[in-house]
Amino acid sequence: NQAVLKKAGLEQYFPDWEKVDLVQTSITIFEEIVCLHKQNILLGCLDLTSIRIVNSKTIFFTETDKYQIDDFPCLLRNTQFIPPERLDYIDKIFLFSEKTENYVAAVLAFTLMMPGIMPYAQRNSGDMLINIKRMQFPYAFRENHSKGVPNGFWRFVWSHLYYDLKEAFYKTFQYGEEKSTPESRYDTGFWLSKLKKYRDALLSGEYCKNDSYSAMMFPDTFRKVKNETYITCVNCKKEYPVWFMDDEFGTICKKCRSKKSESFFDCVDCGRRFFYSIKEEILHKVKNWKPQKHCDDCKKLVICKNCGKEYPAYLLRDGYCKTCKRKMYKMM
Ligand SMILES: [Zn+2]
Ligand SMILES: [Zn+2]
Ligand SMILES: [Zn+2]
């Protein structure tokens with residue numbers, strides 16, 4: 001199937017997999033690539049759908065005729081796997097090299113570890129090619145905060161990822177970092193060795209010792225670190241670091257606060273029903289607020305057609321305020 005290496009595909013075809021199975025699959029794939037390289041074959045570019053996975057130790061590459069064998073250039077173009085320095089020449093025929101191949105390996109390692117997402121994919125960001133050229137890597141590393149990480153569970157998956165790999169991805173994909181130039185990129189063997197270290201740490205249980213969620217393919221909270229305080233969210237009952245809790249209500253997490261609650265009000269003007277968010281629901285309880293009467297639409301300020309003063313929309317009749325309306329009646 002096309003999307004096996006994406007979240008939905010993995011959950012459909014390999015529902016029992018844990019992270020270690022994904023890492024083992026990646027090792028199998030990388031071992032195959034190392035084999036190809038020994039025969040002087042380069043992937044050149046890559047189409048993820050050409051990787052068939054039977055199980056974590058058996059994979060096949062299809063469309064092998066598209067590889068670059070000796071000096072016969074690879075014609076496949078998939079912008080996701082084209083290194084930044086080559087993007088402007090994408091329509092030209094060129095020979096892929098060890099340098100471009102190292103980039104392909106890095107992207108492949110990333111999209112295997114963060115199943116189905118690309119290193120430069122960002123939230124609300126239209127043009128991925130610009131992100132690739134500028135090498136704006138959105139994930140947090142050490143003192144660098146995340147910037148535009150795609151919505152959903154990606155930051156949790158990133159958080160649980162093996163430290164060596166996070167470091168290597170950051171150094172490779174972030175502009176100006178140590179391994180970010182074509183000459184300095186890590187090679188396939190490097191990624192293979194890191195993947196093996198990761199697998200061994202997962203298999204021995206060492207990596208999940210302090211946080212069992214690290215064994216999961218799609219954890220839904222951050223990896224626990226030392227010296228960080230964790231709080232259980234009253235809504236989802238998951239533990240999060242303090243900074244991930246709402247600033248006002250330290251017991252509700254940032255994921256839950258804007259979710260729909262069970263409480264609602266019916267607008268007295270337009271009759272529509274509105275549900276409060278979890279945070280609004282708490283605010284109402286804590287501050288003893290009465291349910292709202294007018295919805296935001298009916299409350300928004302509108303100018304009276306006659307006197308030009310601003311009033312909440314629900315106070316106007318046919319665009320006139322009460323005072324003006326009364327005057328008009330008198331004149332009639
Ligand atoms: Zn929560
Ligand atoms: Zn209303
Ligand atoms: Zn008026």
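The zinc ion (ligand 3) is held by four cysteine sulfurs, from Cys 304 (SG), Cys 307 (SG), Cys 321 (SG) and Cys 324 (SG), at 2.2 to 2.4 Å. Please keep in mind that this is a predicted model. Two further zinc ions, ligand 1 and ligand 2, also have cysteine donors, and the notes below visit each site before turning to the cores and a few individual residues.

**Zinc ion (ligand 3)**

- The donor atoms here subtend angles of 98 to 118°, so the arrangement around the zinc ion (ligand 3) is tetrahedral.
- Along the chain, the donor residues of this ion follow the spacing C-x2-C-x13-C-x2-C.
- Cys 304 sits in the loop between strand E9 (301-303) and strand E10 (310-312), while Cys 321 sits in the loop between E10 and helix H10 (322-331), so the pair ties together parts that are 17 residues apart in sequence.
- Are these two cysteines buried or exposed? Cys 304 is buried, at 2% relative accessibility, and Cys 321 is buried too, at 1%.

**Zinc ion (ligand 2)**

- Cys 267 (SG), Cys 270 (SG), Cys 295 (SG) and Cys 298 (SG) are the protein donors of the zinc ion (ligand 2), lying 2.2 to 2.4 Å from it.
- With angles of 100 to 116° between the four donor atoms, this arrangement is tetrahedral.
- The sequence spacing of these donor residues is C-x2-C-x24-C-x2-C.
- Cys 267 belongs to the loop between strand E7 (260-266) and strand E8 (273-277), and Cys 298 belongs to helix H9 (residues 296-299), so this pair ties together parts that are 31 residues apart in sequence.
- Cys 267 is buried, with a relative accessible area of 3%, and Cys 298 counts as buried at 13%, because the cut-off for buried is under 20%.

**Zinc ion (ligand 1)**

- Cys 233 (SG), Cys 236 (SG), Cys 253 (SG) and Cys 256 (SG) coordinate the zinc ion (ligand 1) at 2.3 Å.
- The angles subtended by the four donor atoms run from 101 to 117°, which makes this arrangement tetrahedral.
- The donor residues of the zinc ion (ligand 1) are spaced C-x2-C-x16-C-x2-C in sequence.
- Cys 253 is buried, with 0% relative accessibility, and Cys 256 is likewise buried, with a relative accessible area of 0%.

**Domains and nonpolar cores**

- The protein is divided into domain 1 (7-215) and domain 2 (300-332), and their C-alpha centres lie 63 Å apart.
- The largest nonpolar core has 75 residues, and those with the most contacts inside it are Leu 108, Met 113, Phe 169 and Trp 191.
- Elements giving two or more residues to this core include helix H2 (19-38), strand E2 (51-55), strand E3 (58-61) and helix H3 (98-113).
- H3 gives the most to this core, with ten residues.
- Which residues does Leu 108 contact, leaving aside its neighbours within four places in sequence? They are Ile 29, Phe 30, Ile 33, Leu 46, Leu 48, Ile 51 and Phe 81.
- A second, separate core of 13 residues includes Phe 156, Phe 244, Cys 256 and Ile 282; Cys 256 is also one of the donors of the zinc ion (ligand 1).

**Helix H8**

- Within helix H8 (residues 278-286), the residues Ile 278, Lys 279, Glu 281, Ile 282, Leu 283 and His 284 are buried.
- E7 and E8 are among the parts that cover the buried residues of H8.
- After H8 comes Asn 288, whose phi is positive, near 60°.

**Thr 172 and Ser 180**

- Thr 172 is found in helix H6 and counts as buried at 2% relative accessibility.
- The side chain of Thr 172 reaches the backbone oxygen of Ala 168 at 2.7 Å.
- Ser 180 lies in the loop between helix H6 (163-173) and helix H7 (188-203) and is buried, with a relative accessible area of 8%.
- The side chain of Ser 180 reaches the backbone oxygen of Glu 177 at 2.6 Å.
- Not counting residues up to four places away in sequence, Ser 180 touches Met 135, Lys 171, Thr 172, Gln 174, Tyr 175 and Arg 185.
- Leaving aside neighbours within four places in sequence, the contacts of Thr 172 include Met 135, Ser 180 and Trp 191.

Note on methods. Residues numbered from 1 in each chain as written. Chains lettered and ligands numbered in written order. Predicted model: local features only at pLDDT ≥ 70, side-chain atom pairs only at ≥ 80, totals over all residues. Heavy atoms only, no water. Domains from an automatic or database assignment. Helix = DSSP H or I, 4+ residues; strand = E, 2+ residues; numbered from the N terminus. Buried < 20%, exposed > 50% of the residue type's maximum accessible area, 1.4 Å probe, protein only. Polar contact = N/O pair within 3.5 Å; in protein donor to acceptor, adjacent residues only side chain to side chain. Contact = heavy atoms within 4.5 Å. Donors = N, O, S within 2.8 Å, 3.2 Å for Na, K, Ca; no water. Tetrahedral: all angles 85-135°; square planar, octahedral: opposite > 155°, others 65-115°. Core = buried A, V, L, I, M, F, W, Y, C linked by side-chain atoms within 4.5 Å.
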